[in-house]
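Got your viewer open? Let's take a short walk through this one, one selection at a time.

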Amino acid sequence: MIDFKTKNGSPNVVYALVKFTEVGAEVGAQVGAEVGAEIIKHKHKQKQVGNSGELFPPDQPPKKKPPKPKVEFIPPTAEEVKEYFRDKLPDWELQADIFYNHFSGLGWKTATGAKVERWDSRANLWIIEKKQQDNGKTENQAQRQNNRDADKAAKARNLLDEYAAIEQGSNAISHQGEIPDL
């Protein structure tokens, strides 16, 4: 026996069967009586308009968005750049001048030739890069100073060891010419 179910629970549904036999007629009569639907006999399936016969029809191509109107780039003035750099770096005035002269000299293009569209984002990159360079310099300077201090301490220990050996009388003759003036 075939069990028919409706999609939306609607009693007025039309069913189409590919093969309709005597058993199908009895079942169809029962279903028609129970659901109140009209059963139509067809030897072939009907195709719906716009149905390609595929189980999963291909998706429609996405609609293209309208292009955004391009805003013309207006280069900033030196004063605008200085105002933007204010208090963001220790030497903000110098860096603002360097930034302005760099990009105005390039015609407000990057080193690769691409047009600068937002000078403020380029200024942020400039500021971040300068801060990183400054942090790297101070760390390197501190490391070099620590290395110098360690070298001085090692030299001092060596001198003390040599002087101690001289005072004990061992190797006094060999060290006479090597004693530095203090």
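**First stop: a charge over a ring**

Select Tyr 84 and Lys 88: the lysine lies over the face of Tyr 84, at 3.7 Å from the ring centre. Keep in mind as you look around that this is a predicted model.

**Next: the aromatic rings**

Now colour the aromatic side chains. How many aromatic pairs does a search of the whole structure find? The search turns up nine. For a good one to zoom in on, pick Phe 99 and Trp 126, which make an edge-to-face pair, with 5.4 Å centre to centre and 80 degrees between the planes. This pair links distant parts of the chain: Phe 99 sits in helix 3 (residues 92-105) and Trp 126 in helix 4 (residues 119-167), 27 residues apart.

Are these two rings' residues buried or exposed? Switch on a surface and check: Phe 99 is buried, at a relative accessible area of 0%. Trp 126 counts as buried too, because its relative accessible area of 16% falls under the 20% cut-off.

Widen the selection to Phe 73, Phe 85, Phe 99, Tyr 100, Phe 103, Trp 108 and Trp 126, and you have one aromatic cluster.

**Last stop: a pocket**

Keep Phe 73 and Trp 108 selected, since both belong to that cluster and both also line the second largest pocket. To complete the lining, add Lys 70, Val 71, Glu 72, Lys 115, Val 116 and Glu 117. The volume of this pocket is about 310 Å³. Colour the lining by class and you'll get four nonpolar and four charged residues, with no polar ones.

Notes. Residues are numbered from 1 along each chain as its sequence is written. This is a predicted model: local features need pLDDT of at least 70, side-chain atom pairs count only at pLDDT 80 or more; totals for chains, interfaces and linings use all residues. Side-chain values use heavy atoms; hydrogens and water are left out. On a 1 Å grid over the protein atoms alone, a cavity is a set of points where a 1.4 Å probe fits but cannot get out, and a pocket is an open set with protein on both sides within 12 Å along at least five of seven lines; lining residues have an atom within 4 Å of a point. Grid points are joined across faces, edges and corners, and a volume is the space filled by probe spheres set on the points. Ala, Val, Leu, Ile, Met, Phe, Trp, Tyr, Cys and Pro count as nonpolar, Asp, Glu, Lys and Arg as charged, and the others, Gly among them, as polar. Rings of Phe, Tyr and Trp (its six-membered ring) pair if their centres lie within 6.5 Å; planes under 30 degrees apart count as stacked, over 60 as edge-to-face and the rest as tilted. Helices (H or I, at least four residues) and strands (E, at least two) are DSSP runs, numbered from the N terminus. Buried means under 20% relative accessible area, exposed over 50%, partly exposed in between (1.4 Å probe, protein chains only). A charge sits over a ring if NZ of Lys or CZ of Arg is within 6 Å of the ring centre and within 35 degrees of the ring normal.
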